[in-house]
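Student: I have just opened this entry and would like to be walked through it. Could we begin with the ligand?

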Amino acid sequence: MRKKKLIVGNWKMNPRTLPLARTNFLSIKKAASAYKNVEAVIAAPFVYIPELAKLASAGLSIGAQNVSAEKEGAFTGEISASMLASLKVKYCIVGHSERRELGETNEFINKKIKQLLSAGIAPILCVGERDRDHGMLYLGTVKTQLEECLAGISKNMMGRIVIAYEPVWAISSTANRRDATPEDCQEMHIYIRKVLADMSGGTVADSVAILYGGSVDEKSAAGFIATGGADGLLPGRASLNPKTFLAIIKKTNELK
Ligand code: PEP
């Protein structure tokens, strides 16, 4: 498990303009450097990455929200892992539920993870069930996501992967959403680590950072880490407001 907590802001398709992206990134960067127990990342839209990467620092690095499953070639509109690596992108989200909604399968996500690892970028693999209405089946859903998305990845590489547990029913944009509790988070984090241990052994499983995401804000952040056992957080909506995002970082930094 990691010493520093990892806080990744998923900006999704925001903000509206590059100047606003720069302003927000800079105000986060200015304050984030004081919080030494946290590693902060902004996963920005592709078009902002070249500019924001120039502003990144040890306290605030840059991530991407997607990558091509292919290495190079005739793939119109795609962005490769090596292109992202050339811009000093450190992390890349894959398997987000909003992309799974567009048809991305576990097999496709697996290809993206392999591209990222070969380019030296840490994949942040999102897993999570759509709902909890069917007994304990949600555990099986997450197990299958992990096994299929991580198929064929060596133990060596496994330690470089970050997992984000994001129950879709708790994400802010989900209709009729409800809050997940730190106990929901804790149960799944223990389970994810068990699945990873079965796949790659306990030592590897212990080294993988497992984040929580789903409507995290400055009030809920500490509970998901202190009680929920998360190694960090993946806030979406709350990362769009620098003040709120910094409050999440501050709360996290204060935890032992
Ligand atoms: C997300 O979609 O990755 C996410 C966690 O969003 P939000 O925090 O807005 O629920």
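Student: How many residues surround the ligand, and which are the closest?

Tutor: The ligand is surrounded by 14 residues, and K12, H96, S172, S215 and G236 are the closest. A residue is counted as near if one of its heavy atoms lies within 4 Å of the molecule. Please keep in mind that this is a predicted model, in which local features need pLDDT of at least 70, side-chain atom pairs count only at pLDDT 80 or more, and totals for chains, interfaces and linings use all residues. Residues are numbered from 1 along each chain as its sequence is written, and side-chain values use heavy atoms, with hydrogens and water left out.

Student: Which kinds of residue make up that shell?

Tutor: The shell has 3 nonpolar, 7 polar and 4 charged residues. Here Ala, Val, Leu, Ile, Met, Phe, Trp, Tyr, Cys and Pro count as nonpolar, Asp, Glu, Lys and Arg as charged, and the others, Gly among them, as polar.

Student: What does the side chain of K12 do at the ligand?

Tutor: A polar atom in the side chain of K12 is 2.6 Å from an oxygen atom of the ligand. That is a polar contact, meaning a pair of N or O atoms within 3.5 Å; within protein, one must be able to donate a hydrogen and the other to accept it, and residues adjacent in sequence count only if both atoms are side-chain atoms. S172 also takes part, with a side-chain N or O atom 2.5 Å from a ligand oxygen. S215 uses a backbone N or O atom, which lies 2.8 Å from an oxygen atom of the ligand.

Student: How much of the ligand's own area does the protein cover?

Tutor: The protein covers 99% of the 290 Å² of accessible area that the ligand has on its own. Such areas come from the Shrake-Rupley method with a 1.4 Å probe, and for residues only the protein chains shown count as cover.

Student: Where do K12 and S215 sit in the chain?

Tutor: K12 is in the loop between β1 and α1, and S215 is in the loop between β7 (209-212) and α10 (221-226). Helices (H or I, at least four residues) and strands (E, at least two) are DSSP runs, numbered from the N terminus. Although K12 is not a glycine, it has a positive phi of about 50°. S215 is not a glycine either, and its phi is positive at about 60°.

Student: What is special about the peptide bond from N14 to P15?

Tutor: The bond from N14 to P15 is cis, with omega near -10°. P15 belongs to the loop between β1 (5-10) and α1 (18-32).

Student: New topic: how many disulfides are there?

Tutor: The count is 0 disulfides, a disulfide being a pair of cysteine sulfur atoms within 2.5 Å.

Student: Why is C149 not bonded to C126?

Tutor: The closest cysteine sulfur to that of C149 belongs to C126, and at 9.9 Å it is too far for a bond. C149 is buried, at 0% relative accessibility. The terms are as follows: buried means under 20% relative accessible area, exposed over 50%, and partly exposed in between, with a 1.4 Å probe and protein chains only. C185 is buried as well, at 1%.

Student: And how many salt bridges?

Tutor: There are 16 salt bridges, each a side-chain nitrogen of Lys or Arg within 4 Å of a carboxyl oxygen of Asp or Glu. One of them joins E39 and K90, at 3.0 Å from N to O. Because E39 is in strand β2 (residues 38-43) and K90 in the loop between α3 (81-86) and β4 (91-94), this pair ties together parts that are 51 residues apart in sequence.

Student: Are those two buried or exposed?

Tutor: E39 is buried, at 12% relative accessibility, whereas K90 is partly exposed, at 41%.

Student: Which other pairs could I look at?

Tutor: E70 and K111 form a salt bridge of 3.2 Å, N to O. E70 lies in the loop between β3 (60-64) and α3, and K111 in helix α5 (residues 106-118), so parts 41 residues apart in sequence are tied together. K143 pairs with E147, with the closest N and O atoms 3.2 Å apart. These two residues are 4 apart in helix α6 (residues 137-149), about one helical turn.

Student: Which residues form a network?

Tutor: Salt bridges link E129, R132, D184 and E187 in a network.
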